[in-house]
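Me: I should like to learn how to read strand pairing and nonpolar cores in a protein model. Please take one feature at a time, with the general idea before the particular case.

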Amino acid sequence: MQTIFGRFSQISMATAALLGVSAGLHAQNFPITPAQKATATQVAEMGVPLSELSPNAPDNYTVKRGDTLWAISGIFLKSPWRWPELWGMNLQDIRNPHRIYPGQQLYLDKTGGRAVLRTRQASSEGPPTDTVRVSPRTRFETLADASIPTLSPNAIEPFLAEAIIVDDATFSRAPRIVAAQEGRVLLSRGDRAYARGEYEGGVATGKPLSDAKGQPLDYRVYRNATALKDPTTQQILGYEAQYIGKAELMRGESVMQVEGKDGKAQTEIVPATIDIVATKEEMRVGDRLMPEPARELVSYVPHAPATRISGQVVSIYGSAVANAAENQVVVINRGTKDGLERGHVMAIVKDGEKLADKTDSARPQIKLPNERNGLMMVFRTFDNLSYALVLQITDGVKVGDRFVNPN
């Protein structure tokens, strides 16, 4: 299954991730390549061992509005991230392998000692039917909006638009707001301001802000790049910039020659003109500009890493709370250099408490065993750091908590 986050946040796929498809607004029009067919066939033949099924796994389930594939997998499986193995639909089971809709019936096939989830009931009496029974209702939205996502889009989408990891040098040289109209201190949506490109100590170190063809016109605005340190080594792994809004470049910066008081020609810097188009917080002079990145069509396939990966939680996104709960985002101290990729599911581990054994007269110090505390899924990676969404949790997640492979 695939979920697409960005401007079209409600566009979701059912088995596109299973097939490795990047989909857009009209996923039903995407061709199915031979490689995708082979992957679908292989997965359909695999299934999962019956021992991996949840003790209360139903024989059938009707997809409801508001469902996610992760939630449905949790109904059938002990380990929801193994859903590609369970989702044993082949190209004959469903005509459009890019979508699953509310009202469709799912059947658990346990033949052959392995479990497979299909969209039609296995039967030895005559050919199976593709009929899907749904209740009559009035449609007021497109089918593209009705298909169920892998995870709730609202859980990740804001962080894709906001979160950014940068190095200190890049952030310190980034274009910045240098002035506002009428001496305003705070800027909000609809206000006009002025900005300059990369410079340091009054000397330009990069390209000026330009409205020439091919140059970016849309920018995100950031403030306060906070150092993210490894909880154990205290090494700075990167800097997290605080997202505060968006701006649009209306006129590029320039220089002009004017006559000075002494009659000699002088150079005047004319900063770029920007309009504030969105604000999470009010902006001010000194805030930095980063070009709006291209919209990504991202496939999130929850799965366990193929190699052993472990690490620690570096921070709770937003730093508004000490402990992260379900559907909150954390920063972890592993990234692409360590083999992490989007969709990797990791088990959160709570360190066992250190205490004195009061039953022993000598009061020796003991350490309780580490306990599994929940699951999180990596959804954005950088070189040394990654963002992960907490999917399941028993107790809150705090800075320093460890994570390991889920299996």
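**Reading strands, sheets and cores**

Reply: Let us begin with a covered strand. This is a predicted model, and in it β16, residues 311-316, is mostly covered, with 6 of its 6 residues buried.

Me: Which strands are joined to β16 by bridges?

Reply: Strands of a sheet pair through backbone hydrogen bonds, and the pairing is either parallel or antiparallel. Here, β16 runs antiparallel to β23 (residues 402-404), with 2 bridges between them; Gly311 has Phe403 as its bridge partner in β23. With β17 (residues 329-332) there are 3 bridges, and that pair also runs antiparallel. Within it, Val313 is the bridge partner of Ile332.

Me: How should one read the order of strands in a sheet, and what is the order in the open sheet of 4 strands?

Reply: One follows the pairing from one strand to the next. The order is β1-β4-β3-β2, and the pairing is antiparallel. At the edges are β1 (48-49) and β2 (60-62), each of which pairs on one side only. The link from β1 to β4 (residues 114-118) consists of 2 bridges, and Val48 stands opposite Ala115 of β4.

Me: Which helix lies across β2, β3 and β4, and at what angle to β2 does it run?

Reply: Helix α3, residues 69-76, lies across these three strands and runs at about 155° to β2.

Me: Why look for groups of nonpolar residues, and which residues touch the most other members in the largest core?

Reply: In soluble globular proteins, nonpolar side chains tend to be buried together. The largest nonpolar core of this model has 23 residues, and those touching the most other members are Trp70, Leu151, Met377, Phe379, Leu385, Tyr387 and Leu389. Two or more residues of this core come from each of β17, β18 (345-350), β21 (371-381) and β22 (386-393). Another core lies apart from this one; it has 17 residues, including Leu53, Val63, Phe76 and Leu77.

Me: Which residues does Trp70 touch, leaving aside those up to four places away in sequence?

Reply: Trp70 touches Pro80, Trp81, Thr150, Leu151, Pro302, Val345, Leu375, Leu391 and Gln392.

Me: What do the totals for the protein chain show about its secondary structure and its buried residues?

Reply: The chain has 7 helices and 23 strands, and 44% of its 407 residues are buried. Of the contacts with a separation of 6 or more, 69% are between residues 24 or more positions apart. The accessible surface is about 21100 Å², with 49% belonging to carbon and sulfur atoms.

Terms used:
Residues are numbered from 1 along each chain as its sequence is written. This is a predicted model: local features need pLDDT of at least 70, side-chain atom pairs count only at pLDDT 80 or more; totals for chains, interfaces and linings use all residues. Side-chain values use heavy atoms; hydrogens and water are left out. Two strands pair if DSSP finds at least two bridges between them. Contact means heavy atoms within 4.5 Å. Axes are lines fitted to C-alpha atoms, for helices over the stretch in contact, and angles run from 0 to 180 degrees between N-to-C directions. Buried means under 20% relative accessible area, exposed over 50%, partly exposed in between (1.4 Å probe, protein chains only). Accessible areas come from the Shrake-Rupley method with a 1.4 Å probe; for residues, only the protein chains shown count as cover. A nonpolar core is a set of buried Ala, Val, Leu, Ile, Met, Phe, Trp, Tyr and Cys residues joined through side-chain atoms within 4.5 Å.
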